[in-house]
2 protein chains.
Amino acid sequence: MRVPLDGLPSRVTVYEVGARDGLQNESAIVPVEVKREFVTRLAGAGLRVIEATSFVHPKWVPQLADAAELLGGLERAEGVRYPVLVPNERGLDRALDAGVTEIAIFGSATETFARRNLNRTIEESVEMFAPVVERARAAGLDVRAYVSMCFGDPWEGDVPIEQVVSVARRLLDLGCTELSLGDTIGVATPGHVTALIGALTESGVDTGRLAVHFHDTYGQALANTLAALRCGVTTVDASAGGLGGCPYAKSATGNLATEDLVWMLDGLGIETGVDVRRLAETSLWMAERLGRPSPSRVVQALSREQGSE
Amino acid sequence: MRVPLDGLPSRVTVYEVGARDGLQNESAIVPVEVKREFVTRLAGAGLRVIEATSFVHPKWVPQLADAAELLGGLERAEGVRYPVLVPNERGLDRALDAGVTEIAIFGSATETFARRNLNRTIEESVEMFAPVVERARAAGLDVRAYVSMCFGDPWEGDVPIEQVVSVARRLLDLGCTELSLGDTIGVATPGHVTALIGALTESGVDTGRLAVHFHDTYGQALANTLAALRCGVTTVDASAGGLGGCPYAKSATGNLATEDLVWMLDGLGIETGVDVRRLAETSLWMAERLGRPSPSRVVQALSREQGSE
C-alpha cells in the first residue's frame, strides 16, 4: 500500500553504485561484457544515475581495470547519467578520453582513512583533488565528492561533526557540485544523521547538493535514509542487490541494497522511476554470475515469492 | 555516537519474543534446559519483558510442548516480566497452574488469516478470546493481544486501516491491556505505519497501549520502528538474533532482531536497559545450538569484530 508521510520529498534520485562501488569490492573479476550487460540492465530497470566504473590505477583496483573498454562499448540510454570515479589527474585524462560527462572523487573525513586509502593527509588529498575538479568543471563536467567515514571510523571511533563539516566545505569550495556523505562502516543512527545534515545546512550547504551513502553493516541504512529524507535530502546512494562493501574497513558489509531502498520509497509514494521487480531480477542474474546470494532482503523475499508460485 | 532525535521517547520497552515467537518457528526442537538457559541469559542481558513460551496445544506447536516444564524450573529475575501466549481457556488454565502473571492472545486483522491460523472468523475468534480475557483480568493478569496482518496479508493483499482499527477496538473492549500491531509478512513502510497508528489514536486508543511488531522480510523493520516511535509508541517487539518468523505466511522471514533495534535505540540515546554485546553473545550461543547463523546484522558484525581482534 502506498501511504505518503508528511515532510518527505515527492521524488528521490537513486544514485546507483553497484557497478562501481559494488563490483570494486567483490573478490571475483567480472568479465567486461557482463559488466556492460549489468549497466544496461540497470538502466532498463529505470535507474537514471549509474556510476559505471572507476579510472583508478588497475594496480589498486584490478576489478575495474577495464574501465575504458567498458565505456567504449556501452550503449547509453536516453536520459541516463553514467558518472565514473576518478582518483587523480591521470584518471581524469582517461575519463575524458572515454567521453564521460560526470565524475566523482573520493575524499575522507578522517586523517587515518585518508592516510590508508589515499596515502595522504586530508589537506594533501584536497590539494590533489583541486586540479582534477578545476579541469573537470572547466570541461563542463559535474563533480561529485564522496566523503568517507562521516560518522565513525574503525581506527578513530566517533568522527566529530565539525570535522566532517570542515572537510565538506573544503570540497565544495574546490567546485564540487555534490557531496555524498558516507557511513563507510555502517555505525550511524538516525539522530546522528539528522545532526550532521543540520550542521551542514547551518554552515550554508544547500541540501540539494547533499547525497547520503549508508552501509547496512548494523542494519541501520534504511532508518538513516528515512532521517535524511526528513532533512530534505533527495539523492540516495544504493547498490543493486547490496553488492560490495569496503574492504579496508573492519567488519564492514555491503551498501544499502537499491531494492530495499526502492521498496520503502515505493511504499511512501516517492517517485524514483525504478521498477523494483525488474531490478531484483537483474540482481539475481548478477548474483548467479558472482556465485553467491544477494544480501538484499527484498531480492531474497521476491525470489522466494517466485519460487513458491 | 549517541545523538538524540527530537520527538522520540527517552525510554523504550523492548518486548523480547525470541523464546516464544522465535523458537516456535524454528524447525529444530530445542531441549527444555537450553530454552531455560536462553531465557535466563536474555534477562542477564538486561531484557525486562521476555515472552517465555506458549500454552498452545502441542499438536500445533510441538516446539513449545514443554511450556509447563520450562516455567517450572525457571528462576525468575527481579523486575523481569515473563508473559506467555495463551490460545484459549484450556491454555489459560495451564498458564495459571504454572503461575504466570501476564498472558498474550493472538488475533488477526484479516478473515483469511483468522481462518487459516485460528480456524475461525474474526468474530468467532473474538468470542473465543472473551472468556480468556475476562478470567485472566479477574485473576489480576495483564493481557496483550497480538493483531496479525495489520498491513498486508499474503492472500488478501493490502489490509484496510479501518479494518485493523475495528479489530483493535474489539480486542481493547474485551479488556486487553496492550495491542501488538503485527506486520506479519513484513510489507509495511513508514507512511503506512504512521497512518495506522494515527487512525488508532484518533479512534481513542492511547499510544501507551500500543506495541509494534515488525518483520524484516523486506528490510523495512527498523525504518518502520522509527516511524512508530515518532508517533509516541514506546513498546517494540523484537527477537534476539532475529529468531523465528511466520511459517504460514508466504515468503516471510524473521522478526526484527533485538540487537539491530537496540543498536538504533542506543545511538538515539533511548534507554532500554539492554546490553547489546551481551545479548549478541547469547544469540551467537543460540545460533550454535540451532546450527545456523543469526540473521541479525548486528550479531554478524559484532562477531566479525571479535574474530578480527
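Which residues form a negative surface patch? In this predicted model, the patch consists of A:E111, A:E124, A:E127 and A:E156. One of these residues, A:E124, lies in helix α6 of chain A. That helix covers residues 122-138. A:E124 has a relative accessible area of 36%. The residue is therefore classed as partly exposed.

A second site in chain A is A:T189. This residue sits in a loop. The loop runs between β9 (178-183) and α8 (190-202). A:T189 is buried, because its relative accessibility is 2% and the cut-off for burial is under 20%. Its contacts, leaving out residues up to four places away in sequence, involve both chains. From chain A, A:T189 touches A:Q220 and A:N224. From chain B, the partners of A:T189 are B:M1, B:W263, B:M264, B:G267 and B:L268.

Attention now turns to chain B. B:V262 belongs to helix α10, which spans residues 258-267 of that chain. The relative accessibility of B:V262 is 0%, so the residue counts as buried. Beyond its neighbours within four places in sequence, B:V262 is in contact with B:V14, B:T272, B:V274 and B:V276. For one of these partners, B:V276, a backbone distance is also available. The C-alpha atoms of B:V262 and B:V276 lie 6.4 Å apart. Along the chain, 14 residues separate the two.

In terms of exposure, A:E124 is partly exposed, whereas A:T189 is buried and B:V262 is buried too.

Conventions:
Residues are numbered from 1 along each chain as its sequence is written. Chains are lettered from A and ligands numbered from 1 in the order in which they are written. This is a predicted model: local features need pLDDT of at least 70, side-chain atom pairs count only at pLDDT 80 or more; totals for chains, interfaces and linings use all residues. Side-chain values use heavy atoms; hydrogens and water are left out. Patches are made of residues with over 30% relative accessible area and no salt bridge: like charges are joined within 9 Å, nonpolar side chains (Val, Leu, Ile, Met, Phe, Trp, Tyr) within 5 Å. Accessible areas come from the Shrake-Rupley method with a 1.4 Å probe; for residues, only the protein chains shown count as cover. A salt bridge is a side-chain nitrogen of Lys or Arg within 4 Å of a carboxyl oxygen of Asp or Glu. Lys and Arg count as positive and Asp and Glu as negative; His and the chain ends are not counted. The place of a charge is taken as NZ of Lys, CZ of Arg, CG of Asp or CD of Glu. Helices (H or I, at least four residues) and strands (E, at least two) are DSSP runs, numbered from the N terminus. Buried means under 20% relative accessible area, exposed over 50%, partly exposed in between (1.4 Å probe, protein chains only). Contact means heavy atoms within 4.5 Å.
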